[in-house]
Amino acid sequence: ASVAMDLHVPGTVTEGDEEDEKDERSPARPSLAARGSGSPSIRLSGILPTSPSRSFSRQFSPTSAKTSVKTLGTSSASLGAAADGNKTPSTPQGNTLSGSTLLAFRRHRGSATSRVRGSLASLASGKIRWDVEHSRQGGADGQACDGADASAWGLLKSKTVPCCKSLNKNRFFQGAMFAALLLALFLPDLWVILDRPDNSDSDIVLTVVAVMFLFELTVQSVGMYRTYVRSFFFYMDVLGLVSLMLDLSYLPIMSWLGGGDGESGSGNAVVLRAARIAKLGARAGRFARLVKLLRFLPGMQDQGASAGAAKRLSARLVTSLSTRVSCLIIVMVILMPLFSMWTFPEVDWSMRAWLDRLETALLQSPDRLTRQLGRFEQFYESLSYYPFRVAAKAGANISADVSAILPWSSRRSAPNRPTNIMRFESDHFECEFNFQRPHQIDSIMSLCLLLVIMFLMVGFSCMLSNSVSVIVLAPLEYLLVQIRQTAAKIFQSVTDMNHNNKQEDDDAEDEEEGEVEVEPTNLLQKEIALLDKVVLKLSTLNETPNEREKQKTDGFQGLSDHDRAMISGLYGGARTADAADEDEDDVDAEEDFEYLVETQRTMVENAGLTLDLLNSWNLNPLELDKARNRAAAMFFVGPHNHGIVFDQVDMSNFLDMAELGYVKTNPYHNWFHAIDVTHCVYRFLQMCSTEEYLSNVERFALLLSAICHDIGHPGVNNGFLIETSHDLALRYNDRSPLENMHCAKLFELASNSKCNVLGVLSRTQFKEMRKVSIEAILHTDNAQHFAMIKEIKVCNEVDSEVFEQSRQLFREDPFDYPTAEVIDVFRQQDTRRLLANVMLHMADISNSIKPFRICRIWAAQVLEEFFAQGDAEKKLGIPVQALNDRGKVNRAFSQVGFIEFLVSPLLFAVVEVLPPMEPHLETMMQNVLNWQQIWLTETKPPPSPQERSSFDDRVKKLQRRLLDRQS
């Protein structure tokens with residue numbers, strides 16, 4: 001009989017909606033997930049009727065079958081949990097979801113997925129068509145008109161963007177823009193060197209170039225809006241377009257900047273220098289366009305899909321490095337002249353001196369003016385610039401004899417270009433100099449500068465290409481070749497082994513093999529697909545009928561979900577590579593652990609506790625008697641939580657001695673605090689699925705460290721011990737004396753023959769356990785608090801994409817956490833150590849992230865201990881530390897400050913890496929609001945309006961941060 005199934009897959013896009021997939025942000029054609037009021041409904045044709053509103057159809061594909069298997073596995077797990085009469089697992093925001101229930105749910109869903117996979121394998125061989133249905137809500141005429149307008153805009157955009165992208169990649173278009181770039185760079189200086197009479201013809205060419213630059217800017221802005229607009233090259237292209245205006249003679253911008261005619265002098269020379277630097281700086285945009293030359297170099301051209309993954313990676317790396325090095329060269333060339341801008345310039349005062357001398361000859365000896373003009377010309381014969389005309393100034397009072405001599409012309413020619421004329425004036429004369437040669441030399445130097453930049457860019461890019469080829473390309477190609485060869489051998493071996501299997505297994509293998517035979521489009525996708533194919537073959541071969549039957553009948557039928565979860569945690573993540581058992585020993589091991597789980601459950605129930613209470617945040621050791629706290633401690637450190645089997649008598653003695661090691665008179669740092677912190681560590685390990693990345697020894701070390709993390713605490717902090725020169729401070733050189741003492745007492749206790757719980761560990765395991773415990777306990781010192789926050793942020797930044805994807809997937813389906821990528825990151829040694837330290841330290845200051853009923857009780861206990869230390873400090877006459885003066889500290893106010901400055905920075909950083917911790921943010925914020933209300937109602941005298949406003953701003957700042965993260 002056929003079963004009607006309605007699979008809701010958000011964001012599924014069919015072939016008929018390719019425009020939606022390409023332009024998912026367009027207001028005209030929103031994606032399927034954004035239309036209407038719900039997700040699209042995917043139905044099997046022939047089983048459920050299709051909707052007449054809108055339907056798109058396509059052939060059943062292996063990829064969609066893979067998606068359906070995952071969805072059906074989730075649905076089957078939910079149905080299975082309901083059939084067993086168990087409570088449905090809560091959402092990621094709920095506080096009732098225990099780690100053991102989570103593991104049970106995963107195992108149940110895994111078996112359901114395997115059963116559904118077998119059913120869909122036979123369906124995949126036929127031509128099953130899928131109908132993707134979707135109906136829109138609301139059909140008002142106004143909405144229809146808006147939809148028509150939006151559709152028109154979407155149609156225009158869908159045609160324009162591909163055309164712009166195609167044009168931007170066209171070789172002829174690139175060649176034309178390259179030619180325009182060369183003209184923009186070289187033409188203005190070439191016109192000066194060639195001594196053209198004017199710039200009318202160059203103005204026409206540069207105007208055309210400016211239009212081409214504007215057209216290219218528009219094409220790239222439309223075709224590559226997300227990656228180009230507001231990028232570095234966008235602003236450089238705009239600057240390059242604007243800089244062309246400086247070379248157009250019909251826009252005398254350089255004259256406005258001070259580059260026109262005028263008298264020579266020190267002040268004017270500074271203006272001229274500033275104008276030159278401004279012109280050179282404005283050309284930076286055109287210089288930056290030279291980076292586009294790099295695309296034509298060998299090894300930097302775009303590699304097609306046929307090229308190897310190593311070559312494509314190498315090409316991208318070389319292009320990225322060369323672009324940055326080229327930009328650095330350009331910036332250095334542009335900025336270097338700026339450092340000499342404000343220095344006093346070298347100025348030729350001879351032109352002003354000769355005009356003054358001519359003025360003197362005119363006033364004292366007019367008959368000697370002709371001789372002075374001859375000397376004037378002779379003085380500049382050896383220089384590249386010279387006077388070629390001296391005339392009387394308009395309106396000047398000059399005698400007839402002098403008027404007959406003027407205007408005087410030199411034997412050397414006048415310049416062809418008006419811009420090469422420099423004019424100087426005195427009271428009676430005006431003199432014109434020919435600066436053609438200096439201007440030509442200046443233009444030649446500009447061209448040389450461009451050539452040097454191009455040479456440096458090309459040279460360094462080639463050097464980088466060779467270095468990358470030697471350091472990256474060759475080893476990577478060798479590695480990938482080895483991967484392909486090894487995978488091919490494995491594949492051939494698996495094929496030979498699987499040749500004699502039943503036809504049913506072959507069909508299932510073909511189904512899974514089809515799932516990975518897709519066109520690889522990303523880098524390394526071919527190698528990944530090949531490895532995925534090998535793994536799928538191995539897993540298919542491993543799933544024999546006997547093993548599938550064993551999963552159903554190996555002793556799990558009589559256990560509840562919680563018991564299955566504990567066994568799953570013991571077998572799944574707790575098993576290491578060197579501890580793999582033989583198949584014939586599995587049944588005996590499972591029987592032993594079943595007995596162990598049953599013993600733990602019986603112990604807890606006999607003590608008057610429930611597993612629901614232990615797996616929630618409502619446990620408060622202060623409300624339990626000694627027997628119940630002992631049972632809870634035994635459960636938290638039990639083997640079902642880490643996989644290390646120890647002697648129960650030794651552990652009982654260990655807990656007895658640990659309890660005796662705590663000072664009973666301490667209001668806060670006592671045995672109840674140790675149980676509370678151990679409970680938090682237990683919950684964190686379960687919530688964050690640490691069995692996937694922390695070893696058995698590491699989890700066991702964390703739980704034992706939690707038991708003894710404050711053993712022997714005297715009720716005063718490190719500052720007090722250091723200030724009073726206590727024996728502990730002297731022994732440990734003022735460096736975390738309390739934490740060092742706690743570590744020493746832990747291993748002194750464990751070395752006792754009556755409570756040697758570490759005797760079951762090998763020498764290697766003992767070293768690892770000791771290292772984890774010491775480092776974790778030392779990091780409970782608040783002096784390490786902010787350094788730990790910094791480490792977490794650095795960890796998040798290094799693998800930000802992995803953690804971002806993990807957070808998104810956790811919000812969608814918490815049972816898929818952690819992802820394979822996150823597990824790979826967490827399994828790194830430094831990251832494992834960081835996570836262990838964070839979990840113990842977070843548990844140590846976890847009072848503020850628990851329900852307010854428990855939070856308030858622990859706050860009163862810790863403040864009472866602080867006040868007792870403050871009283872002792874007053875008696876000793878030493879400075880009273882903050883929060884220790886019972887006459888000045890407001891309890892509610894101090895707790896908000898503790899959350900604001902210590903707890904919240906750490907928790908906000910931790911949830912970026914460990915998304916299951918996110919519900920504690922809301923609990924913390926609710927506690928802040930409760931403390932604020934107590935502060936407003938119980939403070940005597942009542943707070944002033946200014947204090948209320950300041951306090952309210954602090955609370956709102958925390959609320960905004962929480963809302964920003966949730967959005």
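## Surface patches, salt bridges and backbone exceptions

Leu328, Met332 and Met336 make up a nonpolar patch on the surface, and together they have about 320 Å² of accessible area. The structure is a predicted model, in which local features need pLDDT of at least 70 and side-chain atom pairs count only at pLDDT 80 or more, while totals for chains, interfaces and linings use all residues. Residues are numbered from 1 along each chain as its sequence is written, and side-chain values use heavy atoms, with hydrogens and water left out.

A patch is built from residues with over 30% relative accessible area and no salt bridge; like charges are joined within 9 Å, and nonpolar side chains (Val, Leu, Ile, Met, Phe, Trp, Tyr) within 5 Å. The accessible areas come from the Shrake-Rupley method with a 1.4 Å probe, and for residues only the protein chains shown count as cover. Methionine 332 of the nonpolar patch belongs to helix α12, residues 309-335. Helices (H or I, at least four residues) and strands (E, at least two) are DSSP runs numbered from the N terminus. Methionine 332 is partly exposed, at a relative accessible area of 48%. On this scale, buried means under 20% relative accessible area, exposed means over 50%, and partly exposed lies in between (1.4 Å probe, protein chains only).

A second surface patch carries positive charge and gathers Arg357, Arg368, Arg371 and Arg375. Lys and Arg count as positive and Asp and Glu as negative, whereas His and the chain ends are not counted. Each charge is placed at NZ of Lys, CZ of Arg, CG of Asp or CD of Glu. Arginine 371 sits in helix α14, which covers residues 369-379.

Charged side chains also pair up. A salt bridge is a side-chain nitrogen of Lys or Arg within 4 Å of a carboxyl oxygen of Asp or Glu, and the count by this rule is 22. One of them joins glutamate 804 and arginine 807, with an N to O distance of 2.5 Å. Both residues are in helix α32 (residues 800-812), three residues apart, or about one turn of the helix. Glutamate 804 is partly exposed, with a relative accessible area of 41%, while arginine 807 is buried at 8%.

Glutamate 918 and arginine 965 form another salt bridge, and their closest N and O atoms are 2.9 Å apart. This pair links distant parts of the chain, 47 residues apart: glutamate 918 is in the loop between α36 and α37 (919-938), and arginine 965 is in helix α38 (residues 945-966). Glutamate 918 is buried, with a relative accessible area of 17%, and arginine 965 is buried at 14%. A network of salt bridges links Glu804, Arg807, Glu912, Glu918 and Arg965.

Aspartate 871 and arginine 886 also form a salt bridge, with closest N and O atoms 2.9 Å apart. Aspartate 871 lies in helix α35 (residues 852-876) and arginine 886 in the loop between α35 and α36 (891-913), so the salt bridge ties together parts that are 15 residues apart in sequence. Aspartate 871 is partly exposed, at 27% relative accessible area, and arginine 886 is partly exposed at 38%.

Next come the cysteines. A disulfide is a covalent bond between the sulfur atoms of two cysteines. Here it is assigned to a pair of cysteine sulfur atoms within 2.5 Å, and the count by this rule is zero. Cysteine 755 is in no disulfide, and the nearest cysteine sulfur, that of cysteine 708, is 9.4 Å away. Cysteine 755 is buried, with a relative accessible area of 1%, and cysteine 431 is buried at 0%.

The backbone has some exceptions to the general pattern. Most residues other than glycine have a negative phi, and most peptide bonds are trans. The peptide bond from leucine 406 to proline 407 is cis, with omega near -5 degrees, and proline 407 is in the loop between α15 (400-405) and β6 (408-409). Tyrosine 817 and proline 818 are also joined by a cis peptide bond, with omega about -5 degrees; proline 818 is in the loop between α32 and α33 (820-826).

Serine 689, although not a glycine, has a positive phi of about 55 degrees. Serine 689 is in the loop between α25 (671-687) and α26 (696-708) and is buried, at 1% relative accessibility. Asparagine 733 has a positive phi near 55 degrees and is in the loop between α28 (727-731) and α29. Asparagine 733 is exposed, with a relative accessible area of 60%.
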